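Good morning, and thank you for attending. I should like to take you through one structure, beginning with its overall make-up and ending with individual side chains.

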Amino acid sequence: SETLKQDPPATAKLKRILFWHVYTLDKGLGLRLGRAPVIHECDIDIPRVFEFDGFGHFESSTIPTLWVKISHLQSRICEQL
């Protein structure tokens, strides 16, 4: 979150959306391929939500937020395996 403080609000929002997309891919592929994830939970300090307001047809953020929650669950499963 420290690096996002220097960015304009629109740029920071896009960076958060991109980060959470990469996060969901990392957790999903890590679990499916039996590999350790690259992004660790202790390194994350931004809110676990997608902020799609103002991006046209992506007004509802329910599904992407659900993906982030499922990815967090996948991360906990990997830790216990």
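I shall speak about the fold, then the helix packing, then one residue within it, and then the salt bridges.

Please keep in mind throughout that this is a predicted model. The protein chain contains two helices and zero strands. Of its 81 residues, 31% are buried. As for how the chain meets itself, consider the contacts with a separation of 6 or more: 59% of these are between residues 24 or more positions apart.

Let me turn to the packing. Two packed helices are described by the angle between their axes and the distance between the axes. Here, helix α1 covers residues 9–33 and helix α2 covers residues 62–80. Their axes lie 9 Å apart, and the helices pack at an angle of about 40°. That angle is neither under 35 degrees nor within 65 to 115, and α1 and α2 are therefore oblique to each other. The crossing of the two helices, α1 and α2, is left-handed.

Which residues make the contact between α1 and α2? On the α1 side they are W20, Y23, T24, K27, G28, L31 and R32. On the α2 side they are W67, V68, S71, H72, Q74, S75, I77 and C78. Sorted by class, this contact has seven nonpolar, six polar and two charged residues.

I would single out T24, which is placed in helix α1. Is T24 buried or exposed? Its relative accessibility is 14%, which is under the 20% limit, so T24 counts as buried. Setting aside neighbours within four places in sequence, T24 is in contact with W67, V68 and S71.

I come now to the charged side chains. How many salt bridges does the count give? The count comes to two salt bridges.

One of them joins K27 and E41, with an N to O distance of 3.7 Å. This pair links distant parts of the chain, since K27 is in helix α1 whereas E41 is in the loop between α1 and α2, 14 residues apart. Both K27 and E41 are buried. K27 also appears among the α1 residues that make the contact with α2.

The other salt bridge is formed by D7 with K15, whose closest N and O atoms are 2.7 Å apart. D7 has a relative accessibility of 21% and therefore counts as partly exposed. K15, at 41% relative accessibility, likewise counts as partly exposed.

That concludes my presentation, and I welcome your comments.

Terms used
Residues numbered from 1 in each chain as written. Predicted model: local features only at pLDDT ≥ 70, side-chain atom pairs only at ≥ 80, totals over all residues. Heavy atoms only, no water. Axes fitted to C-alpha atoms, helices over the stretch in contact; angles between N-to-C directions. Helix = DSSP H or I, 4+ residues; strand = E, 2+ residues; numbered from the N terminus. Parallel < 35°, antiparallel > 145°, perpendicular 65-115°, else oblique. Left-handed = near helix turned anticlockwise from the far one by under 90°. Contact = heavy atoms within 4.5 Å. Nonpolar A, V, L, I, M, F, W, Y, C, P; charged D, E, K, R; others polar. Salt bridge = Lys/Arg side-chain N within 4 Å of Asp/Glu carboxyl O. Buried < 20%, exposed > 50% of the residue type's maximum accessible area, 1.4 Å probe, protein only.
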